[in-house]
Amino acid sequence: MKNLKSSNQAEEILEILKDTYDKPQTVLHYSNPFELLIAVIMSAQTTDKQVNNVTKDLFKKFKTPEDFAALEPEGLEEHIKGVGLYRNKSKYIIKACQMLIDEYDGQVPKERKELMKLPGVGRKTANVVTSIIFGKDAIAVDTHVFRVSNRIGLADSDNVRGTEEDLMEVIPQKLWSPAHHWLIFHGRNICKARRPKCFECPVKKYCNYYQELDEAAEDLS
């Protein structure tokens, strides 16, 4: 049986995170839906800061799906070398742009199912785009959301899809999108992967991970 927080506890946790991080938004730089799509595809296994460093010049040179679709993968690689897995991403981006042109009249589709047909676009990327651009309720589970939610007990899963389903169960739908951002910011600032700042954490009294640490310390005392 899963060890999940109740819906009431989840709302209390999110209220604290809301007070802590106010109204966080994606730190990826973009000026239209297409640019966000490309930026999110490039963000896999790469920091948002590094993606922004690359797209700062990239989006000045290439502005439309047609601009990218006209490139060879090797040509695009030269412009996105600063991101991880850039060779694979260059292929995905060019193929995705070709598909946008052929099947969607050069426009970013609004539905997650349609977005996920694009090369390089998984469920997380589709959730980010539908949430930020089209205002739909969605929880995108990246490494921060996965780590933080399972540590706290908002989720109890060893995989991304299971984590998303757990979060959708305990978090009210109207809070799915902001919760995604609050959990990301908490993961970046406090609940870090290697050295979480548990004693500074505003939700530690709710956190399963912290309680386990506390119990272990008591056993050693």
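How do the residues of the lining of the largest cavity divide into nonpolar, polar and charged? In this predicted model, the lining of the largest cavity comprises 10 nonpolar and 2 charged residues, with no polar ones. The residues concerned are Ile-152, Ile-190, Cys-191, Pro-196, Lys-197, Cys-198, Cys-201, Val-203, Lys-204, Cys-207, Tyr-209 and Tyr-210. The volume of this cavity is about 70 Å³. The count of cavities of 30 Å³ or more comes to 1.

Pockets were examined next. The largest pocket holds about 510 Å³ of space. Its lining is made up of 24 residues, and those nearest the centre of the pocket are Ser-43, Asp-48, Lys-124, Asp-142 and Arg-188. By class, the lining of the largest pocket has 10 nonpolar, 10 polar and 4 charged residues. At least two lining residues come from each of helix 8 (123–132), helix 9 (143–152) and helix 11 (176–189). Of the contributions to this lining, that of helix 11 is the most, at 5 residues. The largest pocket lies between domain 1 (7–23 + 138–219) and domain 2 (33–134), because both domains give residues to its lining.

The second largest pocket holds about 220 Å³ of space. Lining residues of this pocket are Lys-18, Asp-22, Lys-23, Pro-24, Gln-25, Thr-26, Tyr-30, Ile-132, Pro-178, His-181 and Trp-182. They divide into 5 nonpolar, 3 polar and 3 charged residues. Helix 11 again gives the most to the lining, here with 3 residues. Helix 11 thus gives the most to the lining of the largest pocket and also gives the most to that of the second largest pocket.

Helix 8, which supplies at least two residues of the lining of the largest pocket, also contains Asn-127. The relative accessibility of Asn-127 is 2%, so this residue counts as buried, the cut-off for burial being under 20%. The side chain of Asn-127 is joined to that of Arg-112 by a polar contact of 3.0 Å. When neighbours within four places in sequence are left aside, the residues in contact with Asn-127 are Arg-112, Ala-138, Ile-139, Ala-140 and Glu-164. Arg-112 therefore appears in the surroundings of Asn-127 both as a residue in contact and as the partner in the side-chain polar contact, while Asn-127 itself is buried because its relative accessibility is 2%.

Methods. Residues numbered from 1 in each chain as written. Predicted model: local features only at pLDDT ≥ 70, side-chain atom pairs only at ≥ 80, totals over all residues. Heavy atoms only, no water. 1 Å grid on protein atoms, 1.4 Å probe; cavity = no way out; pocket = protein on both sides within 12 Å on 5 of 7 lines; lining within 4 Å. Points joined across faces, edges and corners; volume = space filled by probe spheres on them. Helix = DSSP H or I, 4+ residues; strand = E, 2+ residues; numbered from the N terminus. Nonpolar A, V, L, I, M, F, W, Y, C, P; charged D, E, K, R; others polar. Domains from an automatic or database assignment. Buried < 20%, exposed > 50% of the residue type's maximum accessible area, 1.4 Å probe, protein only. Polar contact = N/O pair within 3.5 Å; in protein donor to acceptor, adjacent residues only side chain to side chain. Contact = heavy atoms within 4.5 Å.
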